[in-house]
Amino acid sequence: MIRQDLSPKVINKHAGRIWRMFKWASGATSEELVPVSVHLELSSVDDLKKGRTPLRKTPGVGPVDIGVVQKTLPKMLKIPADMVRVQLLTGARPQDVCNLRPC
C-alpha cells in the first residue's frame with residue numbers, strides 16, 4: 001500500500017478491513033479458518049499516526065470559492081438557495097442549517 005502512494009488514512013482504512021476479515025475468519029465461524037493467534041497478532045499492530053510517517057500528506061478539503069457559490073445560487077431551488085445564503089451569513093455548518101426550526 002505504501003508503494004501505491006496511498007495516504008496514511010487510506011492505509012489505516014484498508015488495514016482495518018483486513019483486521020476485521022481475520023477476526024471473522026478466526027472465530028466467527030465454528031470452522032476456524034485461521035488460527036485465533038493470527039487475529040491476536042494482527043490486533044497488536046498500531047495504525048499509522050498522522051505526521052509520523054514519511055508518506056505523502058493529502059491536502060485538506062477547503063472552502064468553495066465564493067464566486068462559484070454566487071454563480072450556482074440562481075440555478076438552485078429556492079429553499080436550498082436560502083439555506084446556502086444563511087450559511088454564508090452565519091458561518092453555520094450544513095447540518096445546523098438543516099436542523100433549524102421556526103420555534
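Is Lys13 buried or exposed? In this predicted model, Lys13 counts as exposed, because its relative accessibility comes to 54% and the bar for that label is over 50%. The residue sits in helix α1. Lys13 also belongs to a patch of positive charge on the surface, where it gathers with Lys9, Arg17 and Arg20. Along the chain, Lys13 and Asp47 are 34 residues apart, yet a gap of 9.1 Å is what separates their C-alpha atoms.

Another member of that positive patch is Arg17. Helix α1, which covers residues 8-28, is home to Arg17 too. With a relative accessibility of 42%, Arg17 is classed as partly exposed.

Asn12 tells another story. This residue is again part of helix α1, but Asn12 counts as buried, since its relative accessible area is 18% and buried means under 20%. As for what lies around it, once the neighbours within four places in sequence are set aside, Asn12 is in contact with Asp47 and Leu48. Asp47 thus turns up twice here: as a contact of Asn12, and as the residue whose C-alpha atom lies 9.1 Å from that of Lys13.

The surface also carries a nonpolar patch, formed by Met1, Ile18 and Met21. Together, these residues offer about 270 Å² of accessible area. Met21 is found in helix α1, and Met21 counts as partly exposed because its relative accessibility is 48%, which falls between the 20% and 50% limits.

Terms used:
Residues are numbered from 1 along each chain as its sequence is written. This is a predicted model: local features need pLDDT of at least 70, side-chain atom pairs count only at pLDDT 80 or more; totals for chains, interfaces and linings use all residues. Side-chain values use heavy atoms; hydrogens and water are left out. Patches are made of residues with over 30% relative accessible area and no salt bridge: like charges are joined within 9 Å, nonpolar side chains (Val, Leu, Ile, Met, Phe, Trp, Tyr) within 5 Å. Accessible areas come from the Shrake-Rupley method with a 1.4 Å probe; for residues, only the protein chains shown count as cover. A salt bridge is a side-chain nitrogen of Lys or Arg within 4 Å of a carboxyl oxygen of Asp or Glu. Lys and Arg count as positive and Asp and Glu as negative; His and the chain ends are not counted. The place of a charge is taken as NZ of Lys, CZ of Arg, CG of Asp or CD of Glu. Helices (H or I, at least four residues) and strands (E, at least two) are DSSP runs, numbered from the N terminus. Buried means under 20% relative accessible area, exposed over 50%, partly exposed in between (1.4 Å probe, protein chains only). Contact means heavy atoms within 4.5 Å.
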